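User: I would like to learn how to read strand pairing, helix packing, burial and salt bridges in a model. Could you take me through them one at a time?

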Amino acid sequence: MMLTGAARLAGVIGWPIAHSRSPRLHGHWLERYGIDGAYLPLPVEPARLAEALTGLQAVGFRGVNVTVPYKEAVLPFCQSLSEAAAAIGAVNTLSFTEQGLHGDNSDAFGFIENLRAKQPNWALTGKTCLVLGAGGSARAVVWGLLNAGAGKVIITNRTQARAESLAEALDASVCPWEARCDQLSGCDLLVNSTSLGMAGQAPLEIDLRALPDNALVADLVYAPLETDLLQAAASRGLGVVAGIGMLLHQARPGFAAWFGHEPVVDAVLEAAVLADAG
């Protein structure tokens with residue numbers, strides 16, 4: 001697609017950045033909707049973060065996605081934050097406005113929208129949820145669940161102190177990692193937000209037999225697309241939610257803000273984003 005002098009510009013900043021699937025994701029939407037714009041991978045050295053943010057604004061970028069290691073580092077540069085970004089304590093979407101940098105976190109949005117898209121007949125309101133992990137992804141998931149109406153969220157993590165800190169910050173509960181299987185009998189939704197089960201990582205050890213028959217199992221890991229956890233849940237006839245959808249849905253708010261079009265997540269997009277994935 002040919003760009004004009006009026007092209008809308010956005011991108012993703014990180015260090016390193018070559019692994020990011022975001023340019024493929026946004027590039028697919030730009031081509032699908034015939035938008036005069038571009039979305040670029042932008043490797044930014046840690047010592048030049050402030051300089052990069054100023055420079056991108058100066059040359060007319062509408063905004064950028066933010067990936068590791070900058071999701072918390074960009075907070076001091078923001079003149080305003082969304083409710084999600086303030087609560088989660090991290091930014092993955094920056095918009096350059098006349099009022100300055102606006103920081104948002106669309107990870108919680110992406111998780112909840114993926115849940116609704118994949119399990120449209122399952123209602124979250126009042127449900128009990130068990131979240132495995134206490135890192136940045138877990139923080140977004142826990143906040144998203146509570147904000148969307150979950151009745152109770154329980155956090156379990158291999159490092160107990162991290163689980164307790166997250167639970168205190170977001171008004172959730174905690175159970176010891178060793179007791180994770182004991183929590184499943186009263187659980188409506190199980191979410192794995194750890195790297196366990198990811199290709200090249202240690203397996204996730206959990207016995208799903210105690211989960212109620214109407215429970216859902218979600219995994220944020222999407223390499224492989226169908227993790228051992230999801231396979232075990234499906235073999236029991238439980239509803240499953242794969243992690244790739246969260247990646248796709250979390251991109252929607254930024255694309256709409258920068259390029260002025262509400263994008264659609266579908267199987268064609270998923271195939272495009274996963275093309276050549278190793």
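**Reading the sheets, a buried loop residue and the salt bridges**

Analyst: Let us begin with a single pair of residues: in strand S5, Ser-95 is the bridge partner of Gly-63. Please keep in mind throughout that this is a predicted model.

User: How should I read such a pairing, and in which sense do strand S3 and strand S5 pair?

Analyst: In general, the strands of a sheet pair through backbone hydrogen bonds, and the pairing is either parallel or antiparallel. Here, strand S3 (residues 61-66) and strand S5 (residues 93-97) are joined by three bridges in the antiparallel sense. Both belong to an open sheet of six strands, whose order is S2-S1-S3-S5-S6-S4 and whose pairing is mixed. At its edges lie strand S2 (37-43) and strand S4 (80-81), each of which pairs on one side only.

User: Which helices pack on that sheet or lie across its strands?

Analyst: Helix H1 (residues 22-32) lies across strand S1 (8-14), S2 and S3, and its direction is at about 175° to that of S2. Helix H2 (residues 49-58) packs on the sheet as well, where it touches S1, S2, S3, S5 and strand S6 (100-104), with an angle of about 50° between its direction and that of S5.

User: What is the strand order of the other open sheet, and what pairing does it have?

Analyst: That sheet, also open and of six strands, has the order S9-S8-S7-S10-S11-S12 with parallel pairing. Its edge strands are strand S9 (173-174) and strand S12 (239-241). Strand S11 (residues 216-219) pairs with S12 over three bridges in the parallel sense, and within S12 it is Val-240 that serves as the bridge partner of Val-217. Helix H4 (residues 107-118) packs on this sheet, touching strand S10 (189-192), S11 and S12, at about 140° to the direction of S12. Helix H5 (residues 136-147), in turn, lies across strand S7 (128-132), strand S8 (152-156) and S10, running at about 175° to S7.

User: Turning to burial, is Asn-157 buried or exposed?

Analyst: The reading rests on relative accessible area, and a residue counts as buried when that value is under 20%. Asn-157 has a relative accessible area of 8%, so it is buried, although its place is in the loop between S8 and helix H6 (160-170).

User: Which polar atoms lie by the side chain of Asn-157?

Analyst: One polar atom of that side chain lies 3.3 Å from the backbone nitrogen of Ala-134, and the backbone oxygen of Thr-159 is 3.0 Å from a polar atom of the side chain of Asn-157. Ala-134 is 23 residues from Asn-157 along the chain, yet their C-alpha atoms are separated by 5.9 Å. Beyond its sequence neighbours, Asn-157 touches residues including Gly-133, Arg-162 and Trp-177.

User: How many salt bridges are there, and what does the one between Asp-107 and Lys-71 tie together?

Analyst: The structure holds seven salt bridges, among them the one between the side chains of Asp-107 and Lys-71, at 3.3 Å from N to O. Because Asp-107 lies in helix H4 and Lys-71 in the loop between S3 and S4, the pair ties together parts that are 36 residues apart in sequence. Asp-107 counts as buried at 12% relative accessibility, whereas Lys-71 is partly exposed, with a relative accessible area of 26%.

User: Where do Arg-116 and Glu-113 lie?

Analyst: Both are in helix H4, three residues apart, which is about one turn of the helix, and their closest N and O atoms are 3.4 Å apart in a salt bridge.

Methods: Residues are numbered from 1 along each chain as its sequence is written. This is a predicted model: local features need pLDDT of at least 70, side-chain atom pairs count only at pLDDT 80 or more; totals for chains, interfaces and linings use all residues. Side-chain values use heavy atoms; hydrogens and water are left out. Two strands pair if DSSP finds at least two bridges between them. Helices (H or I, at least four residues) and strands (E, at least two) are DSSP runs, numbered from the N terminus. Contact means heavy atoms within 4.5 Å. Axes are lines fitted to C-alpha atoms, for helices over the stretch in contact, and angles run from 0 to 180 degrees between N-to-C directions. Buried means under 20% relative accessible area, exposed over 50%, partly exposed in between (1.4 Å probe, protein chains only). A polar contact is a pair of N or O atoms within 3.5 Å; within protein, one must be able to donate a hydrogen and the other to accept it, and residues adjacent in sequence count only if both atoms are side-chain atoms. A salt bridge is a side-chain nitrogen of Lys or Arg within 4 Å of a carboxyl oxygen of Asp or Glu. Lists of a residue's contacts leave out its neighbours within four places in sequence.
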